[in-house]
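User: Please take me through this structure in questions and answers, beginning with one residue's surroundings.

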Amino acid sequence: MNNIQLEDYIRDITDFPKPGILFKDITPLLADPTAFEAAIDKMAAHYQGKKIDVIVAAEARGFIFAAPLALKLGVGFVPVRKPGKLPFSTHSFQYELEYGTDTLEIHIDGVSAGQNVLLVDDLLATGGTIKACANLVETIGATVAGCCFLIELKFLEGAAKVAPHECFSLIEY
C-alpha cells in the first residue's frame, strides 16, 4: 500500500469542462482496485482512533470515497444532495456562489446534534461546497471533526475557506 504513488493514477484533461481548466480525472485510480484500496486505506489510517460518528459527503464524486471509508472506519455514511433528490424530510442550507446561490440538503435523521462528522469529497478546490456542508451539519448542532479529500488544489486556497476545520488530502497540486 505505501509504495503506490496515487498521483500516477490521476489523469490531467486540458480544457475540461471549459477552456483554461486543467481537470484532474480520478477514473484511472477508480479503475485500479489496488490504487483505489490504497487511497481508502490511507484516508482511514489518518482518521483511525479519532472520534468520528458519521461520514457526510456531497454528491456525486464524494460518495465514491465516503462510502468505502465509512465501512473501513465502522461508521455510517450520510449523503448530501441538491434540492428535491432526497425522498424524506430534509434540513437545507443555501450558500453563495460566484454568480448566485445554491442549496444542499440532508435528511433530518441523517446527522444528530452532538455527533462528530467527517466530511469527505474527491477534490478540494475553492472550498465552497465543503464549507456549505460544514455549515449544514453545524446548523444541526453536529461538530465537524475534519474534512478529507483525495486531491487538493493548493493554489486555490480552499482550505483557508474551510478553516478552522482540518483539511487532509492525499494528493496536493
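**Contacts, helix packing, backbone and cores**

User: Which residues does Ser169 touch, not counting residues up to four places away in sequence?
Analyst: This is a predicted model, in which local features need pLDDT of at least 70 and side-chain atom pairs count only at pLDDT 80 or more, while totals for chains, interfaces and linings use all residues. Residues are numbered from 1 along each chain as its sequence is written, and side-chain values use heavy atoms, with hydrogens and water left out. Contact means heavy atoms within 4.5 Å. With residues up to four places away in sequence not counted, Ser169 touches Phe149, Leu150, Ile151 and Glu152.

User: With which side chain does that of Ser169 make a polar contact?
Analyst: Ser169 lies in strand β9 (residues 167-172); helices (H or I, at least four residues) and strands (E, at least two) are DSSP runs numbered from the N terminus. A polar contact is a pair of N or O atoms within 3.5 Å; within protein, one must be able to donate a hydrogen and the other to accept it, and residues adjacent in sequence count only if both atoms are side-chain atoms. At 3.1 Å, the partner of the Ser169 side chain is the side chain of Glu152.

User: Is Ser169 buried or exposed, and at what relative accessible area?
Analyst: Buried means under 20% relative accessible area, exposed over 50%, and partly exposed in between (1.4 Å probe, protein chains only). Ser169 therefore counts as buried, its relative accessible area being 11%.

User: How wide an arc do the buried residues of α3 cover around the axis?
Analyst: Helix α3 (residues 61-73) has 13 residues and spans 19 Å between its first and last C-alpha, close to the 18 Å expected, the expected span being 1.5 Å times one less than the number of residues. Its buried residues are Gly62, Phe65, Ala66, Leu69, Ala70 and Leu73. These residues lie on the same side of α3, because the arc they cover, taken from the directions from the helix axis to the C-beta atoms, is only 130°.

User: Against which elements do the buried residues of α3 pack?
Analyst: An α-helix has 3.6 residues a turn, so residues three or four places apart point the same way. The buried residues of α3 pack against α1 (27-31), α2 (33-47), β3 (54-58), β4 (76-80), β7 (116-124) and β8 (143-152).

User: Which residue has a cis peptide bond to Pro17, and what is omega?
Analyst: Pro17 is placed in the loop between β1 (11-14) and β2 (22-25). The cis bond joins Pro17 to Phe16, with omega about 5°.

User: What is omega for the peptide bond from Ala163 to Pro164?
Analyst: Pro164 lies in the loop between α5 (158-162) and β9. The bond from Ala163 to Pro164 is cis, and its omega is near 15°.

User: What relative accessible area does Asp15 have?
Analyst: Asp15 is in the loop between β1 and β2. Its phi is positive, near 60°, although Asp15 is a residue other than glycine. Asp15 counts as partly exposed, at a relative accessible area of 46%.

User: Which element gives the most to the largest nonpolar core?
Analyst: A nonpolar core is a set of buried Ala, Val, Leu, Ile, Met, Phe, Trp, Tyr and Cys residues joined through side-chain atoms within 4.5 Å. The largest one has 30 residues, of which Ile55, Leu69, Leu118 and Leu150 touch the most other members. At least two residues come from each of α2, β3, α3, β7, β8 and β9. With seven residues, the element that gives the most is α2.

User: What is the angle between the ring planes of Tyr47 and Phe168?
Analyst: Rings of Phe, Tyr and Trp (its six-membered ring) pair if their centres lie within 6.5 Å; planes under 30 degrees apart count as stacked, over 60 as edge-to-face and the rest as tilted. By this rule there are four aromatic pairs, including Phe16 and Phe23, which are edge-to-face at 5.1 Å centre to centre and 80° between the planes. Tyr47 and Phe168 also form an edge-to-face pair, with centres 6.0 Å apart and planes at 85°.

User: How many residues apart are Tyr47 and Phe168?
Analyst: Tyr47 is buried at 1% relative accessible area, and Phe168 is buried at 18%. The pair links distant parts of the chain, with Tyr47 in helix α2 and Phe168 in strand β9, and the separation in residues is 121.
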